[in-house]
Amino acid sequence: MKQIVVMSGKGGTGKTTITAALGQLAGKRAVMADCDVDAANLHLLLRPAKSVKERFVGGMLPMIDTRGCTECGYCETACAFSAIVLRNGQYEIDSLACEGCGVCSHVCPGNYITMMPRVTGHFLISRSRFDQIMVHAALGIGQENSGKLVTKVKTEALSEANRENIPCLLVDGPPGIGCPAIAAVSGATEVLLVTEATRAGLHDLRRLMKLLAHFSLPASCVINKADLDEHVRTEIHAVCEEQGIAVIAEIPWTDVFPESLRQGKTLIEMSDARVSDELTRIWTHINSKGECV
Ligand code: SF4
Ligand code: SF4
């Protein structure tokens with residue numbers, strides 16, 4: 001199966017807006033996966049109808065049986081994250097500070113601490129308004145383990161694609177180079193890098209290229225806001241050439257991007273000829289073997 005993952009080293013490059021437009025071009029031949037789980041917004045453009053919503057267990061959280069607790073304080077001392085606090089004469093867990101390591105439950109002499117599954121978010125399997133399967137998720141406020149949730153979204157999306165015999169998976173990847181980014185590119189057959197002609201865009205593109213080099217993945221690059229800084233644009237071309245990455249499209253700065261988000265329309269629906277031409281060029285490149293038509 002073709003797995004196209006759209007990535008950017010930083011937020012604000014237009015990655016999600018471009019992914020949504022490519023999704024529209026792919027139609028029912030692609031399953032859409034929103035792996036930007038910390039700030040999911042592909043749904044704003046694809047406006048899916050929710051069909052199945054499931055809880056996501058991202059870790060464990062201890063529970064203290066206060067009826068048995070002798071207030072010996074061993075658990076408080078053993079917790080490296082200061083997540084056990086004495087309040088009003090009773091030990092309590094600070095769920096925001098707790099890392100779910102389970103040490104407290106091991107040291108409690110009376111086994112009064114039980115580790116329980118911790119729901120850290122939800123994932124949804126829906127139908128986008130272009131009648132394609134879309135898997136997306138929402139991480140709870142202040143929750144961690146988004147890398148695990150990204151893996152869950154991808155696994156569910158792949159299983160939907162296999163079940164429905166759909167040849168492509170189109171992934172809106174998370175920004176950055178951390179655990180969620182690694183989870184998103186894992187198993188990818190192609191990565192589309194979206195950057196912008198700014199110093200920050202170039203800096204983060206370089207970091208992302210280093211990450212991708214570990215996985216030896218075929219990649220191509222799109223420069224958004226390409227006319228913002230001519231020097232940076234030239235540097236991006238040079239860096240891509242050095243890495244053997246083709247720059248397949250350049251999109252000039254346009255307010256069509258924020259406007260499309262504001263109106264909840266894809267870039268294709270915004271009917272800007274310059275942008276649509278570049279998107280068609282991108283799609284033709286990443287679908288050059290015709291797997292997704
Ligand atoms: S699970 Fe670990 S981090 Fe959480 S309260 Fe227990 S010892 Fe502290
Ligand atoms: S180790 Fe067990 S008994 Fe001691 S304070 Fe903690 S919960 Fe209570």
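**Exercise 1. Determine in which sense strands β1 and β8 pair, and over how many bridges.**

Solution. In this predicted model, strand β1 covers residues 2-7 and strand β8 covers residues 168-172. The two strands pair in the parallel sense, over 5 bridges. One of the residue pairs can be named: V5 has V171 in β8 as its bridge partner.

**Exercise 2. Place this pair in its sheet, and identify the edge strands.**

Solution. The sheet is open and is formed by 9 strands. Their order is β3-β6-β7-β2-β8-β1-β9-β10-β11, and the pairing is mixed. The edge strands, each of which pairs on one side only, are β3 (49-64) and β11 (246-251). Direction ignored, neighbouring strands of the sheet are turned against each other by 20 degrees on average.

**Exercise 3. State which strands helices α5 and α7 touch as they pack on the sheet.**

Solution. Helix α5, residues 146-163, touches β2 (30-34), β3, β6 (113-127), β7 (133-139) and β8. The direction of α5 makes about 165 degrees with that of β7. Helix α7, residues 199-215, touches β1, β9 (190-196) and β10 (219-224). The direction of α7 makes about 165 degrees with that of β9.

**Exercise 4. Describe the span of helix α5 and its buried residues.**

Solution. First, the span: α5 has 18 residues and reaches 25 Å from its first C-alpha to its last, close to the 26 Å expected at 1.5 Å a residue. Next, burial: the buried residues of α5 include S146, G147, L149, V150, V153, A157 and A161. Among them are also K148, K152, K154 and E156. The buried residues pack against β2, β3, β6, β7 and β8, and also against α6 (179-185). Finally, just after the helix, N165 takes a positive phi of about 55 degrees.

**Exercise 5. Give the number and classes of the residues that surround each ligand.**

Solution. Ligand 1 is surrounded by 13 residues, and the closest are C79, A83, C98, C101 and C104. By class, this shell has 10 nonpolar, 2 polar and 1 charged residues. Ligand 2 is surrounded by 14 residues, of which C69, C72, Y74, C75 and C108 are the closest. Its shell has 10 nonpolar, 3 polar and 1 charged residues.

**Exercise 6. Summarise the chain as a whole.**

Solution. The secondary structure comes to 10 helices and 11 strands. The C-alpha atoms fill a box of roughly 70 × 40 × 35 Å along the principal axes. Of the 293 residues in the chain, 45% are buried. Among contacts with a separation of 6 or more, 77% join residues 24 or more positions apart.

How values were computed:
Residues are numbered from 1 along each chain as its sequence is written. Chains are lettered from A and ligands numbered from 1 in the order in which they are written. This is a predicted model: local features need pLDDT of at least 70, side-chain atom pairs count only at pLDDT 80 or more; totals for chains, interfaces and linings use all residues. Two strands pair if DSSP finds at least two bridges between them. Helices (H or I, at least four residues) and strands (E, at least two) are DSSP runs, numbered from the N terminus. Axes are lines fitted to C-alpha atoms, for helices over the stretch in contact, and angles run from 0 to 180 degrees between N-to-C directions. Two residues are in contact if their C-beta atoms, placed from the backbone, lie within 7 Å. A residue is near a molecule or strand if its C-beta atom, placed from the backbone, lies within 6 Å of it. Ala, Val, Leu, Ile, Met, Phe, Trp, Tyr, Cys and Pro count as nonpolar, Asp, Glu, Lys and Arg as charged, and the others, Gly among them, as polar. The expected span of a helix is 1.5 Å times one less than its number of residues. A residue is buried if 20 or more other C-beta atoms lie within 10 Å of its own, exposed if 12 or fewer, and partly exposed in between; C-beta atoms are placed from the backbone.
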